[in-house]
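Please read the following report alongside the sequence and the three-dimensional view. It treats selected residues first, then helix packing and the nonpolar core.

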Amino acid sequence: MTDAAAAPPISSPARTFFGEPRALAYLAFTEAWERFSFYGMTAILVLYMSQALLVPGHIEHIAGFSVFRTGLEAVFGPMSTLALTSQIYGLYTGFVYFTPVFGGLVADRWLGRRNAVVIGAVLMSAGHIAMAFDASFLLALLLLILGCGLLKGNISTQVGSLYAEDDGAGRTRGFAIFSIGINVGAVTGPLLCGLLAQIYGWHAGFGLAGILMLIGLGTYLAGYRTLTDSVRAVRVAPAPAKLDRAQWRIIAALFAVMAITIFQSISYYQNSNVALIWINRSVDLGLLGFHIPVAWFNSIDSFVSIISVPFLFALWRRQAAHGGEPGEIAKIGIGAAIAAVANLLLVAGCLLTTRVPVLVPVAYDVLLGIAFLYYWPTLLALVSGAAPPHLRATLMGTVFLTLFLSNITVGWIGGFFERMTPAEFWALHAAIAATGGVLALLLARPLGRVLAAAVDQP
């Protein structure tokens with residue numbers, strides 16, 4: 001499969017999927033299945049490693065693990081089982097978001113975005129299937145990392161390419177709907193994979209993730225012709241035009257906004273790492289006679305993100321009608337503030353009781369779900385709209401580099417959990433998120449001026 005000639009630019013795309021281009025449906029559903037597999041696997045990964053895989057009798061069966069552990073401990077020092085679990089989680093989730101930088105470059109210069117997504121989906125399917133066996137654990141993580149690198153940034157770039165350059169509002173709506181697909185998968189993945197893991201064993205949960213990734217591949221292939229007809233792919237010339245000073249300022253401003261979001265991402269993504277271990281140890285999981293599976297907590301924030309979309313749209317429209325809708329960077333700052341409050345709830349729960357009520361982590365994840373909507377779709381839309389066209393896929397891949405840095409830090413910070421009190425640990429995350437909020441508040445006006453000028457350019 002090779003990319004066909006790009007369709008000519010369109011100023012008013014056909015709106016047949018919730019008022020948006022029909023190709024958005026294939027992209028959103030592909031992303032939903034991919035996120036189902038990713039979040040389903042991630043929800044049980046930390047518990048699986050800490051309770052089963054990295055314990056005597058199992059850890060010896062992992063091909064190449066002794067060399068891998070020696071290398072880790074040469075860098076980070078000797079690690080307990082929990083610290084090792086956290087570090088592997090951080091490295092895996094970090095590199096999942098690092099490789100899209102190269103995936104964007106490969107797509108821009110050689111494969112084309114559609115072919116890159118297809119190859120990435122194949123590699124990820126193989127990786128999820130390999131997770132069903134202890135021996136191939138490291139190979140599975142490698143395949144997932146490489147596959148995600150080809151898929152993530154390129155499918156997000158295709159969403160932005162569905163809209164005319166001056167249709168910033170439409171692009172924001174498109175990414176918000178696309179995020180619904182992300183969150184549908186993120187809700188159902190932990191629920192079903194966690195349930196299968198609890199009933200039939202860990203590998204059943206991992207196997208289901210692989211099957212659903214294959215369905216995602218089929219969905220994308222079903223829409224391949226529609227995407228060829230609809231997506232205005234930007235092909236990079238062998239010698240692209242030299243960037244002028246204004247474009248360099250735009251790129252610098254985008255990098256600054258990306259850097260600000262790292263703080264919130266650190267406080268957010270700890271909910272899939274040490275938060276699950278803390279919930280398992282410190283939270284009363286009984287609710288009306290039912291014992292809540294720990295993996296299910298990873299569905300709450302995504303579910304809240306789904307149901308919050310229409311309410312946030314209504315809020316933003318109301319604010320816009322009264323001339324008070326926050327700008328993109330201000331929305332990112334609001335998201336960081338909400339994430340800080342979420343972590344402070346855990347601090348309060350730890351200080352008030354030794355057995356934290358289940359509603360505390362539920363409220364924590366609810367707030368994180370709202371915080372996600374304020375910052376992540378906004379960041380994607382901002383980069384898609386402001387980036388120079390011939391670097392758009394590369395810069396969209398670079399957005400995921402912020403999650404690489406965040407998740408590497410999440411894994412490293414997780415190793416301190418055993419050296420701090422739980423209240424201190426969550427207070428640290430509240431402070432990290434608050435730092436991002438303060439930076440967004442201070443830099444919103446100067447960065448906003450640069451990026452607004454970029455969007456206004458013909």
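Ser 272 touches Thr 42, Val 46, Tyr 89 and Asn 298, leaving out residues up to four places away in sequence; contact here means heavy atoms within 4.5 Å. This is a predicted model, in which local features need pLDDT of at least 70 and side-chain atom pairs count only at pLDDT 80 or more, while totals for chains, interfaces and linings use all residues. Residues are numbered from 1 along each chain as its sequence is written, and side-chain values use heavy atoms, with hydrogens and water left out.

Ser 272 sits in the loop between helix H10 (245–269) and helix H11 (274–282). Helices (H or I, at least four residues) are DSSP runs, numbered from the N terminus. With a relative accessible area of 5%, Ser 272 is buried; buried means under 20% relative accessible area, exposed over 50%, and partly exposed in between (1.4 Å probe, protein chains only). The C-alpha atoms of Ser 272 and Val 46 are separated by 7.9 Å, although the two residues are 226 residues apart along the chain.

Three further residues are buried within helices. The table gives their places and accessibilities.

| Residue | Place | Relative accessibility |
|---|---|---|
| Glu 34 | helix H1 | 0% |
| Asn 343 | helix H13 (residues 328–352) | 0% |
| Thr 402 | helix H15 (residues 392–414) | 4% |

Apart from residues up to four places away in sequence, Glu 34 touches Met 124, Cys 148, Leu 151, Lys 152 and Met 213. With the same kind of exclusion, within four places in sequence, Asn 343 is in contact with Ser 267, Tyr 364, Trp 426, His 429 and Ala 430. Asn 343 and Ala 430 are 87 residues apart in sequence, yet 5.0 Å apart in space, C-alpha to C-alpha. Thr 402 touches Met 258, Thr 261, Ile 262 and Trp 376, not counting residues up to four places away.

Helix H1 (residues 23–53), which holds Glu 34, also packs against another helix. The axes of H1 and helix H6 (residues 137–161) come within 11 Å and cross at roughly 150 degrees. That makes H1 roughly antiparallel to H6, since angles under 35 degrees count as roughly parallel, over 145 as roughly antiparallel, 65 to 115 as roughly perpendicular and the rest as oblique. Axes are lines fitted to C-alpha atoms, for helices over the stretch in contact, and angles run from 0 to 180 degrees between N-to-C directions. Among the residues that meet are Leu 24, Glu 34 and Tyr 48 in H1, and Phe 137, Cys 148 and Lys 152 in H6. By class, this contact has 13 nonpolar, two polar and four charged residues. Ala, Val, Leu, Ile, Met, Phe, Trp, Tyr, Cys and Pro count as nonpolar, Asp, Glu, Lys and Arg as charged, and the others, Gly among them, as polar.

Helix H2 (residues 65–76) and helix H3 (residues 81–98) pack at about 95 degrees, with their axes 12 Å apart. H2 is therefore roughly perpendicular to H3. Phe 65, Phe 68, Arg 69, Leu 72 and Phe 76 in H2 meet Leu 84, Gln 87, Ile 88 and Leu 91 in H3.

The largest nonpolar core has 141 residues, and Phe 137 and Leu 254 touch the most other members. Such a core is a set of buried Ala, Val, Leu, Ile, Met, Phe, Trp, Tyr and Cys residues joined through side-chain atoms within 4.5 Å. H1 supplies the largest share of this core, 17 residues.

Notes. Helix = DSSP H or I, 4+ residues; strand = E, 2+ residues; numbered from the N terminus.
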